[in-house]
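Here is a short tour of a protein model, going from its overall form to one of its sheets. Have the sequence and the 3D view at hand as you read.

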Amino acid sequence: MNTSWNRFCFVIGLLTTPLAVKAATTVNFDSVPSGTIINNIYADVQFSLVNGNGTNVYAANAGAFAASAPNVVSPFPSGMLPFFDRRNGGIQATFANPQSTVSIDAAAVLPPEYFGTPINKPFLQAFDANNNFIGIAYYPLTASQANYGSYQTLTIHSSTANIKYVQFSSQNGNGSVAVYGEFDNLTYNNDYLVTLPAAPSELRVIKFGRNALAIRWMNNAANATSVKVYRSINNLRYALIATLAPGVTTYTNTGLTANTTYFYKVYAYNTAGFSPPSNTLQTMTLR
């Protein structure tokens, strides 16, 4: 909500409308020339090279071999083959805001001189803001399967929308020949599958005073990120008076006028928007 709605809401029904679900964002690396350092050129995601030679990440021309031609993402500048494995490091994409779903298109690339059965695979792994591991997705095809080497989408989903950064590269070792990864089309979404929270209920007064009222409600939302309390003196214009942690079920409103009628509504909130309102509470301070 913007500041004006935080302060005054003339039509409470507007508060129950969910925020528009953000469409997935895809970075295809094609909007810049090959060889461009892309570390900081995108508004809501930053790239860096980890455990490699330097920290720069490049848009690199892969021609017809790109999932979306001409560029892919690479740790190498223009003029070098763009695919890589863990010996060259990994590319990290760090999001300005945590995401619920992140995917990248990955192709497995074998060196022309390989011998044996390849078992190493390109991968995508995700972490939260505290560097806790969330999950990993591997290239799904084996060397014996049809279409091995084609682009496949690696996806990680978090039901709590806490993916702060991802890293992608290709395994090396495992007693196997090298398998390089070529990567394109990083896609992310921070509202995917996030649903509106359930409305609070049983809003009531638990303590009366001349200049204060204490209210209580029942929390019915397991997916709320906060609770918002609104107050009115005419049941038409409501103002936000408190934003509380999602598990809080009581609030004491101080600084009120004696012998005055007040109206209250409580909402649960998450990234999808506001819940429907609780029941409307009409009450009065003591004389």
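## Overall picture

Among contacts in the protein (heavy atoms within 4.5 Å) between residues at least 6 apart in sequence, 67% join residues at least 24 apart. Please keep in mind that this is a predicted model, where local features need pLDDT of at least 70, side-chain atom pairs count only at pLDDT 80 or more, and totals for chains, interfaces and linings use all residues. Residues are numbered from 1 along each chain as its sequence is written, and side-chain values use heavy atoms, with hydrogens and water left out.

The C-alpha atoms fill a box of roughly 90 × 35 × 30 Å along the principal axes. Buried residues (under 20% relative accessible area, 1.4 Å probe, protein chains only) account for 46% of the 287 residues.

## Strands and one open sheet

The protein has one helix and 19 strands; these are DSSP runs numbered from the N terminus, with helices (H or I) of at least four residues and strands (E) of at least two. Three of the strands form an open sheet in the order 12-13-16, with antiparallel pairing, where pairing takes at least two DSSP bridges between two strands. Strand 12 and strand 16 (250–254) are at the edges with a single partner strand each, so one side of each has no neighbour in the sheet.

## Inside the sheet

Strand 12 (residues 201–208) and strand 13 (residues 212–218) are joined by five bridges and make a hairpin with three residues between them. Here Val205 is opposite Ile215 in strand 13.

Five bridges also link strand 13 to strand 16, again antiparallel. In this pair, Leu213 faces Asn253 in strand 16 as its opposite residue.

Notes: Buried means under 20% relative accessible area, exposed over 50%, partly exposed in between (1.4 Å probe, protein chains only).
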